[in-house]
Amino acid sequence: MEPTMTMMHTPVRNLLRLACLTMALVALAACRAAPQADAANPADSAAAGTAIVPENWPQPAWPFPEDPELERRVEALLATMTVEEKVGQIIQGDIDSITPEDVRKYRLGSILAGGGSDPGGKYNAPPQAWLDLADAFWEASMDTSGGGKAIPIIWGIDAMHGQSNIIGATLFPHNIGLGATRNVELIREIARITAIETRATGMEWTFAPTVAVPRDVRWGRSYEGYSEDPELVASFAGVFVEGLQGKPGSSDFLGDHRVMSTVKHFLGDGGTTDGKDQGDTRTSEAELRDVHNAGYVTAIAAGAQSVMASFNSFHGEKLHGHKPLLNDVLKERMNFGGFIVGDWNGHGQVRGCTNTDCPQTFNAGLDMAMAPDSWRGLYETTLAQVKDGTIPMERLDDAVRRILRAKFRMNLFEKPKPSERGLGGRFDLLGAPEHRAVARQAVRESLVLLKNQGGILPLAPNQRFLIAGDGADNVGKQSGGWTLTWQGDGTTRADFPNADSIWDGLKAQVEAAGGSAQLSIDGSYAQKPDVAIVVFGEEPYAEFQGDQPTLMYKGGNTADLELIRKLKADGIPVVSVFISGRPLWMNRELNASDAFVAVWLPGSEGGGIADVLLRAGDGAVQHDFTGKLSFSWPRRADQYALNVGQEGYDPLFAFGFGLTYGDDGNLALLSEDPGIEAGAGGTGAWFDHGVATTGHALRLVGADGEAMDIVHPHATTTDGSLAMTAINHEVQEGARLFAWEDFAGVEVRANTPLDLDRETNGDVLVVMTLRVDAPPTDGRLRIAAGCGEGCRGEVNADAALAALPVGEWTRLGMPLKCLRAAGADMTRLDMPFALHAGGGARIALARVAAGTSFDHRVDCATD
């Protein structure tokens, strides 16, 4: 069967138009079909379309009438504030770098908990620790003993798919899965529950929803988008805002059961060239307006209190410094009356700025700078710039007014500390049964059936089942990034007390019906099963860590394919359950499977998958498939920009495709030519399983400075100062053991210079999987990176080395920003890693990569 783009597309678009019109009650220019320039409009017909003409943009109605009493309160407070207090309101620090005492001293108006920031530095901190910290920061902001004003602080957090930072919280499917449901009211209910569980842990503000329209799914944040289709995104955006905040004018608007929303990232984050995170969006103004702006129209109409500026550029100009878009379009033309918050040190990327010095961003329209670890320096320079007129007082007052209005609308000035508010400390609501039931419904409705050869599904449960694959019993993997940790890695099963893995759900239903189920990750079995369900997919990732060069699954790694083929060769029917944050080229796996189900990133409720795959005990269908693709599925691995409505649109499965049990699910054999060179997908590491990865080379540098490129697994420098041998680790010759006789080094070189600026800004580390068999006699260990003469950064890791266990494999991480501070230009590294040690050292290396998960850390002075 060859799916076509007409299957489901037209009726879906009609429904979405209706949904958009109903939500906005405004002229929704964003709810158009394909992103076409208006030939009648000269501004849209410009060759590049880079000029921003605000008059061309939509004008949603801000749903708050004039409120003289609110304005009186804002102006009365503003009139009493010192310039220091005003500047404090527009600076936001991260809990990993700021204390309640800092808030007390600097009178900051907001804090955040970034993806890797937790109470006590523990990703699995108990809910009470979060609530206690919320109380401590609130108390500091309300302490007037030093003479400051009592202005309640607001705490923002990435409650991305539920309150996903907290142990035990309900984890909903990520947005890509929710887009497949097409269920607007379900989206509203998910947002309402997310608000409740967030309030229970002490926060009143979430950085959600993401309303990006991903147009190239190589982008590592694609799963944060509901769809490639702007109408679908628009139909969800305003509803999700209402679910979080309540409806403007209602009695519970921003009440104790609601949280403030942040719509992000403004603007064009889903349209960067080559899908590069934080990259440059080079579309026309018309496409920026009609495609990437679609969700903001309905979100503003729903009363979103804040919007987050995006990391990306528009034709080379960073959005954090883009006045025509932030001020002239968003605030003035689109009537946005809330405040604009920055992203993680995003202001530091503006031309002429640093993380601690950027008047340009405030003058462009940013109201609150997210300065997680740079807040103190930014506060001091901003204060000086207001005093010398670089930042006009009028601009500062406007920003503070916008922030204060949001705080007054939440009635925070009348509220007690977080633990004493309506839901404070109600930890029984985390993963409450009624919340999990909604998440399970979302899982069921998000599943998309791509193949059902011979109608093998649904499966009778009273059979002998083999459940295989590394995703079968892995809640962390099925939940994806932004789950307890930033990247979603490093978690254990114990971290999910209120969750069912996919295996848990299948096992329970099979055994209840009298069948048997065996969990076997590698697919081995003692007794031949009647059917195998293989659960596999992408490892968790977030943001730029998920960017990839092609649509090859795992860069072409065939381990999962081999497992499916092995079971098929044994005469066992195979149902493939694919976990992913985006559509990928899967023709080989589709061919090898009898049935293929895209489950996206379902979250905590693995039981929802069993609800659809399995019949009831009496043989009846429990739940049919209803999910429809919200992203087009590629026919080849080089179909990077594959979006419905584009010229030459030729997907394997079109936008809106999704089988039901009543459909013919047979699929003809697909081409297994990916359309790209083998291995072009890469591995994400620079050195892996003891060898340099594609695009990199390994080099030994002797004590005499002479370098030699490595061709064989055994080598020694010409002066005898460093020798390398292959050793086994995980696989045969999966690591290299280096033995030093004098101070020498091992280097990883990049064939093409690497730009790690994004990773450096995002607090990513270089992570070494290593084993220290013997430390150097002089204790010297240096980690370096460089890009030629005068561009080398070297960090002393002696103390970290001394703390490592001897004879045990471990992961040592060092922040990339340490290398930047030491002199390396992170935008053009031709040597992303070097390790130098003194004589006597015996150190084995298995892997070196940029990452966020580690066992031990190098502490160093950073900028």
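These legends go with a set of close-up views of a predicted model.

**View 1. H320 sits in a loop and is packed in by residues from other parts of the chain.** The loop in question runs between β9 (317-318) and α11 (323-333). With a relative accessibility of 1%, H320 counts as buried, because anything under 20% does. Its side chain reaches the backbone nitrogen of D343 at 3.0 Å. Setting aside neighbours within four places in sequence, the contacts of H320 include A309, S310, F311, L326, G342 and D343. Also on that list are G346, H347, V350, T361, A364 and L366.

**View 2. An open sheet of eight strands, paired in parallel.** Reading across, the order is β10-β7-β5-β4-β3-β2-β1-β11. The edges belong to β10 (339-341) and β11 (369-370); each has a single partner strand, so one side of each has no neighbour in the sheet. At the β10 edge, the partner is β7 (residues 306-309), which pairs with β10 in the parallel sense over three bridges. If you want a spot to zoom in on, M308 stands opposite V341 in β10. For background, strands of a sheet pair through backbone hydrogen bonds.

**View 3. Helix α13 lies across β1 and β11.** The helix covers residues 375-387 and runs at about 165° to β1 (91-94). How far apart are the end C-alpha atoms of α13? They are 18 Å apart, which agrees with the 18 Å that 13 residues should span at 1.5 Å a residue. W375, L378, Y379, T382, L383, Q385 and V386 are the buried residues to look for. Seen down the axis of α13, the buried residues fall within an arc of 165°, so they line one face of the helix. That fits the usual geometry: with 3.6 residues a turn, residues three or four places apart in an α-helix point the same way. The buried residues of α13 pack against α3 (83-89), β1, α4 (100-106), α12 (359-364), β11 and α14 (393-409). After the helix comes G389, with a positive phi near 90°.

**View 4. Helix α10 is largely enclosed by the rest of the structure.** Why call α10 largely enclosed? Because eight of the eight residues of this helix (residues 294-301) are buried. They are A294, G295, Y296, V297, T298, A299, I300 and A301. Just after α10, G303 takes a positive phi of about 90°.

**View 5. L449 and its surroundings in strand β12.** The strand spans residues 448-452. L449 has a relative accessible area of 0% and is buried. Leaving out neighbours within four places in sequence, L449 touches L457, F596, V597, F625, F657, G658, L659 and Y661. For a sense of scale, the C-alpha atoms of L449 and T201 are separated by 37 Å, with the two residues 248 apart along the chain.

**View 6. Strand β13 pairs with β14 and with β15.** Four of the five residues of β13 (residues 464-468) are buried, so the strand is largely enclosed by the rest of the structure. With β14 (residues 516-519), the pairing is parallel over four bridges, and R464 stands opposite S516. With β15 (residues 531-537), four bridges again join strands that run parallel, and A468 stands opposite V534.

**View 7. Strand β31 has antiparallel pairings with β18 and β26.** Eight of the ten residues of β31 (residues 842-851) are buried, so this strand is largely enclosed too. Two bridges link β18 (residues 687-688) to β31; F687 has V848 as its bridge partner. Nine bridges join β26 (residues 765-774) to β31, with R771 partnered by A844.

**View 8. Some backbone oddities, starting with the cis peptide bond between A208 and P209.** Most residues other than glycine have a negative phi, and most peptide bonds are trans, so exceptions deserve a look. Omega is about 5° for the A208 to P209 bond, and P209 lies in the loop between β4 (205-206) and α8 (230-245). The bond from L457 to P458 is also cis, with omega near 0°; P458 is in the loop between β12 and β13. R107 has a positive phi, near 55°, in the loop between α4 and β2 (110-113), and at 12% relative accessibility R107 counts as buried. H315 has a positive phi near 50° and lies in the loop between β8 (313-314) and β9. H315 is partly exposed, with a relative accessible area of 30%.

Key:
Residues numbered from 1 in each chain as written. Predicted model: local features only at pLDDT ≥ 70, side-chain atom pairs only at ≥ 80, totals over all residues. Heavy atoms only, no water. Buried < 20%, exposed > 50% of the residue type's maximum accessible area, 1.4 Å probe, protein only. Polar contact = N/O pair within 3.5 Å; in protein donor to acceptor, adjacent residues only side chain to side chain. Contact = heavy atoms within 4.5 Å. Pairing = 2+ DSSP bridges. Axes fitted to C-alpha atoms, helices over the stretch in contact; angles between N-to-C directions. Expected span 1.5 Å × (residues − 1). Arc of directions from axis to C-beta.
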